[in-house]
Every structure is written in structure tokens, then in C-alpha cells.
Amino acid sequence: MHTIVALIVFAIGLSATLYYWRNLRQSVDTDMHAAYVHQVQSITSGMNARMQLYQNFLRGSAGLFAIHNNLTQDEWEKYHAPYDISHNYPDIEGIGVGRYLSAADVPAYLQRRADQGSPNFTIVPQGDRPVYVPVTFSAQYGGNNDPLGYDGYTDSIRHAAMDQAVNTGQLTMSGQIMAANARPARPSFMLYLPVYKNDQPSTTAAERWSSLLGFAYVEVDTAAFENTVLNDNQSSYISLRIEDPSTGGHVVYESSNFAHIQAMRGARVQTSNATFYGHGLRMTFAGSPELIALRERQLPEQALWRGLVTCVFFAGLVWYLITDRERKYARQKREEVQTAKDDLLSLASHQLRTPATVVKQYVGMLLQGYAGKLSGQQIDMLNNAYESNERQLDIINELLYVARLDAGRITLHVRKLDVAELLEDVAHDYLPAVQERRQTLTTKGTSRQLQIEADPHYLRMTLDNLVSNAVKYTPEDGSITVEIHRALNEVLIRVRDNGVGIDPVLQENIFEKFTRVENELSTDVNGSGVGLYLTRQIVELHGGSITVKSSSGKGSTFTIRLPVHQVKTDPSLLEPHQS
Ligand code: ADP
């Protein structure tokens, strides 16, 4: 019952804990998601903002190119110098312009380059093509860029981006490219802005194609670009991997801590598609759990543990309180039952004793001839009645002792006595019974005096009981030995027989009140089952102990140890003998 109640308390506590834990986890999860989304948005808008900035450059560069017919490479570089690109925008590798030419325009174009001081200007790669877009001017800041004369239109990725820029009329980002003159080249991308001839319509795609002058472009180192954006974002708890679907999903950028964060327990990793200036990219953001404070992250787990400990504590407390109450209640009940039994025992034995004693007196008077002469048969019958009455009185007396012992009303009258002599006396009393059963009774150590302090009446009772049992539970022709000897401060009394013995499992029970153990002789002999109980109680009242060694069919040895001197700890137990 108490276990069920404790389990119910535990279950209720556990449910509340789990509910609270789930709510906390959800709220941590929501916070984590919000922090992650905030970071993702901040990086994405950082990328857009930076590209927007480059678009602004390009519009100026494109304007310069469009209005200036005799522009030179030197002027181009000077125009861009104030921006201090390499210092302010380290991810920009070059800002240039590619002239859009039909094959027929090429000779005049080359002549013009030569006229402007570049006689060796060539278009690479060489070869006949309907359209050429050679890099005409280029301000270069890193080593990772397309050289003058390089025809980007021959590269399918640049080509596609340039076409898209004219078709849409918008600034267009290219897929991942490798700069034409860099060894080794790093992944980079182009932002192309179409430049049209002045004063020509450029509303429709056809108009734009026909008025196309070329492309102003900015060439950007992908890794440097992303690192700058991420650094600006100032969070080391978010990392990014970019794949370019236009080149078969190539990874074009991966933050140095991406793999680390991705592998973290509790990391949030999501992939989404984003379009930057007409170019789609697959972006995977990995957010570390550290996006939210450790204290907050640990809250659910801490709440769970605290809750569990509290549940166990309260369930245990409830279990303890109920068990304790039940135990106290059971003890109280036991005590009540015991008291009732003791009262009954005491009452019964007292009430039985008086009539039994009266019967004894009258039978005794009859036997002594107070009521006239008796026939032989009458004498035999009265003798039987007398013996039975004696046994009845013995049992009543034993019950009275038990009642007194349990009520704590036995008082020892201790005096110095010769225990060897007492033992010899007891053995002597049993000689007739022993002879009748053709047993032998040997005494050892009784010839020397052995003085101890004890109550003669009760000590005799215990010895009497042991010898009586030995005689009762030993078959005819068996042998009994009674011996006594002195050890350091105690006296050892042993009563040994070679009788029926006692099963070792039952040995401890034989000292219990009203316990009789069945054996092959127990049905033939009288017994109340209190003899050994009284013996042990009395021996212990003397400060001694009693033990048994026995095995079925091999006989028993009872050993009593008694202190030579009584330790007077409790005066009520050791009152001086009054005769
Ligand atoms: P009882 O009145 O039955 O003899 P006791 O308390 O004196 O009661 O003994 C308890 C039980 O112990 C007995 O019923 C008996 O089975 C067993 N017992 C006691 N003494 C001996 C012995 N010497 N040999 C075998 N069994 C014994």
C-alpha cells in the first residue's frame, strides 16, 4: 500500500517535472531558433549590402567608360585610386571593363589600343569567333584576376552571366570562376553591369543587345568576400557553406569552423536557396548551440535533475512516513495482543491453580485414609488421579512462571551456592526415571565444590528442565552425561544425551514460548513447550547464556554458561535472599 502511494506521488511529481522540462526545452529551442534566424538574416543581408556597394562602384566605372571615348588604362586606374580598394575592400581583385565586339570590329579595336600606347595588345584566347569581349581596362588589386585582353566571353560561366545581364538589364552575379592569369587561382565571382552606348534606347533586351558597348565588372575573391561578411557579423557561433548549383553543386565557400560547428551536439544546420543578383546559391548555415547562453541551455536539464531528485525525495519521505506509521501501528497492535495474552495467561493460571491444589489436597487426604479404608483398586485409581493432578499443577506452575517473567515480575534471590552439589542433586532426583528407561546417567566434575552467586530455586528449575528433557528425548538404553567445569570467570554446565536430536533448522525455535518440536518420542512424553523458554530467560536473568548443539538422530548437547559473580547492575534483579 505504502509503495503504491509513494509511486503515485513519484508519478505525479515526475509528470510535473517532465511537463516543466518539455516547456523549458521548447522555450530554449525557440530562443535558439530566433538567434539562428537573426544570424542567418544578418549574414544574408550583409552579402546583399556588400554587393550593392560594388554595384554603386560599377555604375560610376560604367559611366566613365560610356562617356569617355579616348579613355586610357592609366586614366582608368587613376579614376579608381581614391577608393583605396586594396585597403578598404580586400576581397576585390579587380575592377575592369570588357568591350563587346563583333568579329568585324576587332581590327579597328586593336588599332585603337595601339594608338593609345598598347601596340602589343592581343585578344586571348586567339581564334575566330563572332563575338569578343576582351578586358579593355582593368584596375587590379590582387593576383587573382583576368588580364588585359582576356576574352571572358570564351568562358561558359562568364558568357552565361554576361548574356543574362543584357537579357535582364540588371547587374548579374556569375557562377564560380577561376581568374584567367592566376596560378593557382582561387574561386571568385564576377558582378557584370552592362554598359550601353549613350543616347540609345535600352528598354527591351533587343535594344540592349544592339546598343551594348561592353560590361563593367568587379571581380571578387569568394573566400575573402564571405569572410569579410562573416567577420562584420561578429559571431563565431555561426558558419556558412555555399554551393553553386550552376556548376553542379560545387562548394564555393566553406567557413573554417563549419565542419566543427556542424558536428556539435545540438547544432542547428539548415540549407536554403538564395538568389544574389540573378544567381542562385545553396547556402547552408550551421549555428552552434552557443548562440544562446550556456546558463539558458542548461536550464531544462537542470530542471529535470532537480525535479527528479525532488520526486525521489518526496516519494521516499511519503513512503517512510507511511511505513513508519504502519510499523508503529503494528507494534502497538502486537503489544496490545501480547498484553491481552499475558493477562489471559496470568488469569487462567491463577484461576486454575487453586482448584487443582484443592483436588491435590482431597486426593491426598483420601489416600491417607481420612475417609476410611480403601480397597487396592481404589488406591490405584487415586494414585493415577494424584499423578495426573501433579502434572497439571506442574504445567500450571510453568504457565505462572511464564506469566510472571513476561510481566517482569520474577525476582532473583541471589546467594552463594555450590552449583556442583546442586547439579549432583538434580541428577540424583532423576535416577529412578533413568533406571526405569534402562538409561545411564553419568555426572562429571561434581565431586569438587564450585561456588557461584545464583538463585538456587530458579537455577535448579533450569537444570531440572535440561536433565528432564534429556531423559524424555533419549530412547531406552541411551546414555546421558551431566558435567560441570570452571572456566575463567564462569561456570560451564553441559547436559549431553545420545537421543533423538533436533533438526538444526528448528534449533533456534525451541527457546521460543510454547514451542514443541515433533520428534519420534514427543508423542509419548508430556510437555508444554515452555521449559526451554523459561530456562533461557532465567539463565539470561543471571547474566549467562544457553546454547545447543544437536543433529537429528545423533543426540543433543545443551551448554549453560553462568558468571561466577553476579554483576549488580539492576538491584531489582538481584535482591538478597530472604528465607
Ligand atoms: P517440552 O515441554 O516440549 O519439552 P521444551 O521447551 O522443554 O518443551 O522443549 C522444546 C522442544 O525442544 C521439545 O518439544 C523437543 O522437541 C525439543 N527438545 C528439548 N530438549 C531436547 C533434547 N534433549 N533432545 C531432543 N529434543 C529436545
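1. The largest cavity of this predicted model encloses about 90 Å³ of space, and it is one of 2 cavities of 30 Å³ or more that a search of the whole structure finds. Its lining consists of 16 residues, and those nearest the centre of the cavity are Met173, Phe189, Thr222, Val252 and Leu281. Two or more lining residues come from each of helix H1 (2–67), strand E7 (187–196), helix H7 (222–233), strand E9 (238–244) and strand E12 (279–287), with H7 providing the largest share, 3 residues. By class, the lining of the largest cavity holds 8 nonpolar, 6 polar and 2 charged residues.

2. The second largest cavity has a volume of about 80 Å³. The residues around it are Gly98, Val133, Val135, Asp146, Tyr150, Gly152, Met162, Met190, Tyr192, Phe215 and Tyr217, and the elements that contribute two or more of them are E7 and strand E8 (212–221). This lining divides into 8 nonpolar residues, 2 polar residues and 1 charged residue. Strand E7 is therefore worth inspecting in both contexts, since it gives two or more residues to the lining of the largest cavity and also two or more to that of the second largest cavity, under the DSSP assignment of strands.

3. Turning to the open sites, the largest pocket has a volume of about 1,500 Å³. It is lined by 49 residues, among which Asn465, Ser468, Asn469, Lys472 and Asn526 lie nearest the centre of the pocket. Helix H10 (376–406), helix H12 (431–436), H13, helix H14 (531–541) and strand E19 (556–563) each supply at least two lining residues, and H13 gives the most, with 10 residues. The lining of the largest pocket is made up of 19 nonpolar, 17 polar and 13 charged residues.

4. Which domains each give at least three residues to the lining of the largest pocket? They are domain 3 (352–410) and domain 4 (412–573). In the division of the protein chain, these two stand alongside domain 1, which is assembled from the segments 1–66 and 293–340, and domain 2, which covers 68–226. The C-alpha centres of domain 2 and domain 4 lie 124 Å apart.

5. Helix H13 (residues 456–472), the main contributor to the lining of the largest pocket, also packs with helix H11 (residues 419–429), at an angle of about 45° and with the two axes 10 Å apart. That angle makes H11 oblique to H13, and the crossing of the two helices is right-handed.

6. The second largest pocket contains about 690 Å³ of space. It is lined by 19 residues, and those closest to its centre are Arg25, Val28, Arg265, Gly266 and Arg297. The elements that give two or more residues to this lining are H1 and helix H9 (294–367), and H1 gives the most, with 7 residues. By class, the lining of the second largest pocket comprises 8 nonpolar, 3 polar and 8 charged residues. Helix H1 thus appears in the lining of the second largest pocket as well as among the elements that give two or more residues to the lining of the largest cavity, with helices taken as DSSP runs.

Note on methods: Residues numbered from 1 in each chain as written. Predicted model: local features only at pLDDT ≥ 70, side-chain atom pairs only at ≥ 80, totals over all residues. Heavy atoms only, no water. Domains from an automatic or database assignment. 1 Å grid on protein atoms, 1.4 Å probe; cavity = no way out; pocket = protein on both sides within 12 Å on 5 of 7 lines; lining within 4 Å. Points joined across faces, edges and corners; volume = space filled by probe spheres on them. Helix = DSSP H or I, 4+ residues; strand = E, 2+ residues; numbered from the N terminus. Nonpolar A, V, L, I, M, F, W, Y, C, P; charged D, E, K, R; others polar. Axes fitted to C-alpha atoms, helices over the stretch in contact; angles between N-to-C directions. Parallel < 35°, antiparallel > 145°, perpendicular 65-115°, else oblique. Left-handed = near helix turned anticlockwise from the far one by under 90°.
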